[in-house]
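Let's take a walk through this model together. Have a look at the sequence and the 3D view, and then we'll go through some spots one by one.

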Amino acid sequence: MSFIPMFFVIPLVSAFLIPILGKIYKPLVWIVSTVASFALFVLALYGITVTQEIPMIVYKMGNWPPPLGIVMAFDSFSALMVLVISIIVFTGSLFSLRYMSRYTGQWKFYTLFMLITAGMMGVSITGDLFNMFVFLEIAAISSYALVAFGVGAEELEASFKYMIMGEIGGLTFLLAIALIYAKTSTLNLADISNSLQVMGHTTFFWMVLGMMLFAFFIKAALVPFHSWLPDAHPAAPAPISSLLSGTFIKVLGIYTTARLVFNIFGLTRANDPLFFNILIGFGLLSISFAGLTALSQKDYKRLLGFSSVSQIGYIMLGFGIGNYEGVAGAIFFILAHALAKGLLFLTSGAVVHAAGTRDLDKLSGLGERMPTTAWSFRFGSLSLIGIPPLVGFFAKFYIILGTIKAGFIWVALIAILLSVLTLGYLLKIENSVFMKKGKTDAKKAPFTMRIAMVFLVVLIVIFGIGFQTIINFVVGPAAHALLRGLEYSHLVFGSFIMNF
Amino acid sequence: MIVFVSCIILFLIGLYAVVTKRNLIKIAIGFALIEYAINLFFALVGFKRGALAPIITRLDTPHNFVDPIPQALVLTAIVIALGTTALMLTIILRIYSHYKTFDIAEIKKLRG
Amino acid sequence: MSVNILGFEIEIYYLVVLLPLIGGLFGYLVNRLRTEFNFLGFVLTLFFAIKLFVISRGEVISQITATIFGFESKIYIDSLAGFILLFNAIFAFLVWVYSLKAMSKKPRERAYYLYVALTLAAANGVVLSGNLIFLLIFWNVLVFSLYGILLVGKKDSSFAARKAVTIIGVSDFAMMLGIVILFVKTGTASFPFDPKILPNNPWLMFSYILIFIGAIAKAGAMPLHTWIPESAKVVPASTMAFIPASLDKLLGIYLLVRVSYFIFDISGSMPLRIILMTIGAITIIAAVMMAMVQKEAMRLLSFHAVSQVGYMVLGIGTGIPIAIAGGLFHMINHAIYKSCLFLSAGSVEHRTKTTQLDNLGGLGTKMPVTMFTFIVAAFAISGVPPFNGFYSKWMVYQGVVELSRETNLWPIFLIAAMFGSVLTLASFLKMIHSLFLGQRPKALNKVGEARFEMVVPSLILALACIVFGVFAKAIPLKHFIIPALPFKIGEIGFWTPGLATVLIIVGVIIGLIIFLLGTATKPRRSKIFVGGELLEEESARMTGPNFYSSVNTLGMLKKTYDFGEGGAFDFYNYLLGITRGLAVLFRDVINSLIVAAYKYIGKLTTGLSRLTSALHTGELYNYVGWIFLGGIIILILLVL
């Protein structure tokens, strides 16, 4: 039995176990979800080690050979995404124990939590286009439900808008799949890649690519496709916000874009400069527009939501640069941003848990009352702003380095200048919530919440100090996996069955 | 050819409903239309004039089947669409209980 | 060469940086176990430094450990680095032992130890680096730790600390620029260069001079010395002994030698050598002249710490192998006797609570061991045979004389060096008199010998002065100096220490005899009368500080001294002046522009932010409209 399908089998099985076990003994639901997510974390680490030696592990569902059956293609980039997901899922699950205690129907929450995990894991490892759509929808539908989990007016409104826009994206993706199938008669990514190469860069090629970009940009929430995110992410419970901002938009939007653009459509900066310039343009637009908007937000989580849109811009910018440094930086920033933004949303959860509000004007004086939360927030924001030696710095540094190496000095300058915005809006939270003196009866966060936050802080610091190791063993191989371009299909067809 | 065009027209009608209609239920219906259009498109992709349903009864008959894969895909897509639509309608009902309206233009608490 | 610690293979050279850091940090965090942690840190560092030194005698450790952003981080330990590492560790350990009593219960004691450890770690890091860019990183850590340690003062030392950091910081910046130029022009910053660079190209010459500025600012040569006397007044003696007296000399001269003979080869460039030698000669004379008229012990010593750098720079600047060896040897000797002097003077201060020479005197009988160490070190610094200072100065002289083949200027340097030596002796006679001889003020009658922990380091250093002098050829030169340099050293001098020692002993015996004869005829003691009034014995006490007061009243010199005391030679003042000028410029012209720009950018940002925020109206069809707008843009761009 290969370990590859385990990535979505474990959360799927737990998702179905949770309602049953929840009937027997309520606390079991949390235990199952936490154990499952920890197992995923361990499995993800194992995946990283395995991909050090084998560039591509192919798992054939039902043992059908690649073009016929559905395959799972697990390479270094998938390994990195799986690691990121499992870290955030694990901390989110830890955090949920006390945070979710005020909600009813917890088993529903954990079921959906595991389903969304299964969906994201599936998207990251699948080698089949329609399979990707299915997993994407599993994750998306679970996320609609999770956003509405509080069933208040705002949650429902956010969820509805999110659903409308998300489904427009999802259905466009489906239409694009239909078109591709009509043209190539295959759904296997590697096979599609071969057929598209034979076909050449026709209008059809660009149109399908455009439709997919449209779909994925909605999922990734780049400006101007972002408007659902600042509504939806704050509305969800904090661990889900953390998961959505930390990994969801990256898996469904960024991973899919990068995978298709580099490996399936086989575009390279050298051959298609216009396309990559479009990515850069959307990246810069997101950074500036959302960064500016975040400055005037008055809601803790909504501000963070806009910040996510802005930071996604950096990732897109890195991919748009298209050279090794840029792509590696973007991938590194996926990791860095997941850790930082996941952490920041967890702190927002802790603050809401303690103070009962997210309004920045009403919050004050929590720095002394909640030292762990305050310091976690500081570490997260410093990493996001890009202060060495935290992980965010090195990721942004690589993106900027790539930009300069590619000759886009102006883009680099603008990107550096715009990171002042990051500083600006995060300082706003710091000033009003943690620094400002004020009377509050908040208590410090419960133990499991603090553990979850400290875990992420530790990772931020360790990954920052050991950035060279991360680059060498995790980010670098992932960037190479993308920049291998069309060799992807050779690897999928060429690799023999690995029985792990 | 005409079927493809009508399929696209169906798609556009659905899109029109989603974009311009203010009633939540109509938006949901718009989505349903889009889904039908895409499913229809899938089915048409695999269609061959005069071919049989892809059920192999005897191995010696000439193989002139329609493509079975789109049909499988359509089944999956229908299931997903069912889930989405059900969730959407549920949320619409809950929204109605909060806002006392189906008008999307009045549901704008989240802004700024 | 690596050791196994808890299952991790760690190269020794990492340990000499990590161990003091770990020891210091844990000591800082766990205050109760500070001494234990620090002890472990320093002793283990010393142990590994010795090990590295022994290895470096046999082979050169040269390893590229990592390549970060295209810069290779290289470890390079040859015998020069090995011997500097060794002495770094030795001095740090001795100063630490001394501090145990001297610093106990002093304010900010905890921070002091942390900074000592940090300084040692960074200093070791400097010496290990085989790449100037990485060397620079550690060099900058030293600036930070210097600032921190200077802030731990006897009184308010923030001014001195600020001054030190300004001067060192500016010269570091010069050095950084120099390294960058070197890197750009040659494409590498990893030494040793092969072949070495002849600084004949103006850019390279400029780069050398910039790095040279960094090196001598650290070593404390004129005109970048002024922070040393400034801090001497306000920081504890142990700090002075540790940083300006020993570690900064080691590092500054180390860098100077590295740059001058391992990266560049300045022996081929006469103008550069003349510049170096001139700076050396001026430093010797000017600083020692300032030292002579000082009335405060620490300040006096600190001017000598500057003056002696002159010999090292002079020796290294000659380009003659023997003088270079002499300069290097003088560096190590200076570190030994000057820290000994600071520590001994510190012991006196610890007991008497004063460093004003006017208030001291006659402590010889009360603090005999301290007197012994002080006198030995004083003779060593004055170049009295057979102590170590004599030997190294001798080598420098010999080099300068050999220079006669190349330039006619050599007599000037020779005279400056010798004259400086004489003046040093003169000023130390004054100091010895003021501290240990002469009449003892009544207030000091109860003073006793310094504590054991404070005496031992001074004593060790004093003994080292003697050993390094008497067995100069057999021990320090043979093991430390000669192997460290990349050229052959010719026969050294015609002086045999054995003969000299005999002569000195004879001299001492004659002196003793004269002394005994003197005491044999007891002088008459009687009360003092002035105008019929009986004077207190105390008020007629003969103190030392005014021995040479007449020098600063000598016509021309008087002006110079006034300038000197007024700060005219203080690089810091000029720097401050320029900065002030710029500041005025900024305040009046540029600042108003910036304020305006800031205001308008702020307004613009807020305005834009409000605008973009207002765009999010919460109406779904707006949002859907944006989405389709974006989609259409993508399709148009891609398909057309």
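## A loop in chain A

Pro224(A) sits in the loop between H8 and helix H9 (229-235) of chain A. Keep in mind that you're looking at a predicted model. The peptide bond leading from Val223(A) into Pro224(A) is cis, with omega near 0°. Why point that out? Most residues other than glycine have a negative phi, and most peptide bonds are trans.

The loop between H8 and H9 of chain A also holds Ala221(A). Ala221(A) has a phi near 60°, which is a positive value in a residue other than glycine. Is Ala221(A) buried or exposed? It's buried, because 31 other C-beta atoms lie within 10 Å, and the cut-off for being buried is 20 or more.

## A neighbour from further along

Now hop over to Ile249(A), which lies in helix H10 (residues 238-264) of chain A. Ile249(A) has 29 other C-beta atoms within 10 Å, so it counts as buried too.

Which residues does Ile249(A) touch, leaving aside its neighbours within four places in sequence? They are Lys219(A), Ala220(A), Ala221(A), Leu244(A), Ser308(A) and Ile312(A). Yes, that list includes Ala221(A), the loop residue with the positive phi. As for Ala220(A), its C-alpha atom is 4.6 Å from that of Ile249(A), although the two residues are 29 apart along the chain.

## Where chain A meets chain C

Between chains A and C, 26 residues of chain A are in contact with 22 residues of chain C. On the chain A side, helix H6 (153-184), helix H8 (203-220) and helix H11 (273-295) each supply at least two residues. Which helix gives the most? That's H8(A), with nine residues. By class, the chain A side divides into 19 nonpolar, six polar and one charged.

## Inside chain C

Chain C has 21 helices and six strands. Of its 640 residues, 49% count as buried. If you take the contacts in chain C between residues at least 6 apart in sequence, 80% of them join residues at least 24 apart.

For a pair of helices to look at, try helix H1 (residues 12-29) and helix H4 (residues 109-128) of chain C: their axes come within 8 Å and cross at roughly 170°. Angles over 145 degrees count as roughly antiparallel, and that's why H1(C) and H4(C) get this description. Among the residues that meet here are Val16(C), Leu21(C) and Gly24(C) from H1(C), and Tyr113(C), Leu118(C) and Ala121(C) from H4(C). Sorted by class, this contact has 13 nonpolar, five polar and one charged residues.

## Chain B and its link to chain C

Chain B has three helices and zero strands, so to speak an α-α-α run from the N terminus on. It has 112 residues, and 29% of them count as buried. For contacts in chain B with a separation of 6 or more, residues 24 or more positions apart account for 54%.

Lys100(B) is in the segment after helix H3 (68-99) of chain B. Its phi is near 55°, a positive value in a residue other than glycine. Lys100(B) counts as exposed, because it has 8 C-beta neighbours inside 10 Å and the cut-off for being exposed is 12 or fewer.

Finally, how many residues of chain B are in contact with chain C? Eight, and they touch eight residues of chain C. The chain B side has four nonpolar, one polar and three charged residues.

Conventions. Residues are numbered from 1 along each chain as its sequence is written. Chains are lettered from A and ligands numbered from 1 in the order in which they are written. This is a predicted model: local features need pLDDT of at least 70, side-chain atom pairs count only at pLDDT 80 or more; totals for chains, interfaces and linings use all residues. Helices (H or I, at least four residues) and strands (E, at least two) are DSSP runs, numbered from the N terminus. Two residues are in contact if their C-beta atoms, placed from the backbone, lie within 7 Å. Axes are lines fitted to C-alpha atoms, for helices over the stretch in contact, and angles run from 0 to 180 degrees between N-to-C directions. Angles under 35 degrees count as roughly parallel, over 145 as roughly antiparallel, 65 to 115 as roughly perpendicular and the rest as oblique. Ala, Val, Leu, Ile, Met, Phe, Trp, Tyr, Cys and Pro count as nonpolar, Asp, Glu, Lys and Arg as charged, and the others, Gly among them, as polar.
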